[in-house]
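Reader: I have a model open and would like to learn how to read its features one at a time. Could you walk me through it?

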Amino acid sequence: MTTASLPGVLDIPPPTGGNHLYYGDNLTIMRGMATASVDLIYLDPPFNSQRNYNLIYKKLTGKPVPEQEEAFCDAWDMDPEKEEMARNMPVVLREYGADEDLVLFWKAWIGALRHTQPRLLAYLIYMSYRLFEMRRILKPTGSLYLHCDPIASHYIKVILDGVFGHQQFRNEIIWKRTNSRSTSGRWPRLHDVILVYTRGGASV
């Protein structure tokens, strides 16, 4: 799948030295980046925190909220856009070269979660499109570290196995919290999870 065939592609100039910070929806930014051009990806996507990062951004910077509002709002719903993405998911998976078994799995997953956990499904759809782009832009020696919590980590790992291949899984790092508190009727949440995958070789 070439970036030229993708909607919303930006013309991202190659770095000319020093660091570069790109601001906006990461999917749009990545679609304008060259294949196999990134050494390391670290991501910490929020999951259903119900926080509006648009308001946080505006308050801290004093700047207007950009067009890519969804990148700054962590409240997931199966809106018409997500429904369309769900319908197109099998086609997108094939375009990215996914195994047919993963396509069939995704169809079953969409059917199982659409009415039981629609917010989770919206989140997984959002993440899947981006993880395939991350795989594309990673160098053969590149590594990906995905930081998430136990609420969704097992779902995300299944997607990562499908995107990168189970053989590219390198480790699950447990990040223990020091400020956890018990809540009524529940054990305290003591850790976050960092899933480590590589694009090709075993080095991380």
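Author: Gladly! Helices and strands here are DSSP runs, at least four residues for a helix and at least two for a strand, numbered from the N terminus. Read that way, the elements of this chain run α-β-α-α-α-α-β-α-β-β. Please keep in mind that this is a predicted model.

Reader: How many helices and strands are in the chain?

Author: The chain has 6 helices and 4 strands.

Reader: And what share of the 204 residues counts as buried?

Author: A residue is called buried when its relative accessible area is under 20%. In this chain, 40% of the 204 residues meet that description. Contacts tell another part of the story: among those with a separation of 6 or more, 69% join residues 24 or more positions apart.

Reader: Let's try a helix pair. At what angle do α3 and α5 pack?

Author: For a pair like this, look at the angle and the distance between the axes. Helix α3 spans residues 80-95 and helix α5 spans residues 118-137; they pack at about 40 degrees, with their axes 10 Å apart. Angles under 35 degrees count as roughly parallel, and α3 and α5 are therefore oblique to each other. Their crossing is left-handed.

Reader: Which residues make that contact?

Author: From α3 come Lys-82, Met-85, Ala-86, Asn-88, Met-89, Val-92 and Leu-93, while α5 supplies Ala-122, Ile-125, Tyr-126, Ser-128, Tyr-129 and Phe-132. By class, the contact of α3 with α5 holds 10 nonpolar, 2 polar and 1 charged residues.

Reader: How do the axes of α5 and α6 cross?

Author: Helix α6 covers residues 153-164, and its axis comes within 10 Å of that of α5, at a crossing of roughly 30 degrees. That makes α5 roughly parallel to α6. The crossing of α5 and α6 is right-handed.

Reader: Which residues of α5 and α6 meet?

Author: On the α5 side they are Leu-120, Tyr-123, Leu-124, Met-127, Ser-128, Leu-131, Phe-132 and Arg-135; on the α6 side, Tyr-155, Ile-156, Ile-159, Leu-160, Val-163 and Phe-164. This contact of α5 with α6 divides into 12 nonpolar, 1 polar and 1 charged residues. Ser-128 and Phe-132 of α5 also appear in the contact with α3.

Reader: Now a loop. Is Gly-32 buried or exposed?

Author: Gly-32 sits in the loop between α1 (26-31) and β1 (38-43). Its relative accessibility is 17%, so Gly-32 counts as buried. Gly-32 and Ile-137 are 105 residues apart along the chain, yet their C-alpha atoms are separated by 9.8 Å.

Reader: What about the phi of Ala-36?

Author: Start with the general idea: most residues other than glycine have a negative phi. Ala-36 has a phi near 55 degrees, a positive value in a residue other than glycine. Ala-36 belongs to the loop between α1 and β1, and is partly exposed at 33% relative accessible area.

Reader: Is Thr-141 buried or exposed?

Author: Thr-141, in strand β2 (residues 138-148), is exposed, with a relative accessible area of 56%. From Thr-141 to Leu-40 the C-alpha distance is 9.0 Å, across 101 residues of sequence.

Reader: One last stop: what does the side chain of Gln-168 reach?

Author: The side chain of Gln-168 reaches the backbone oxygen of Gly-200 at 2.7 Å. Gln-168 lies in the loop between α6 and β3 (169-176), and is buried, with a relative accessible area of 9%.

Terms used:
Residues are numbered from 1 along each chain as its sequence is written. This is a predicted model: local features need pLDDT of at least 70, side-chain atom pairs count only at pLDDT 80 or more; totals for chains, interfaces and linings use all residues. Side-chain values use heavy atoms; hydrogens and water are left out. Axes are lines fitted to C-alpha atoms, for helices over the stretch in contact, and angles run from 0 to 180 degrees between N-to-C directions. Angles under 35 degrees count as roughly parallel, over 145 as roughly antiparallel, 65 to 115 as roughly perpendicular and the rest as oblique. A crossing is left-handed if the near helix is turned anticlockwise from the far one by less than a right angle, and right-handed if clockwise. Contact means heavy atoms within 4.5 Å. Ala, Val, Leu, Ile, Met, Phe, Trp, Tyr, Cys and Pro count as nonpolar, Asp, Glu, Lys and Arg as charged, and the others, Gly among them, as polar. Buried means under 20% relative accessible area, exposed over 50%, partly exposed in between (1.4 Å probe, protein chains only). A polar contact is a pair of N or O atoms within 3.5 Å; within protein, one must be able to donate a hydrogen and the other to accept it, and residues adjacent in sequence count only if both atoms are side-chain atoms.
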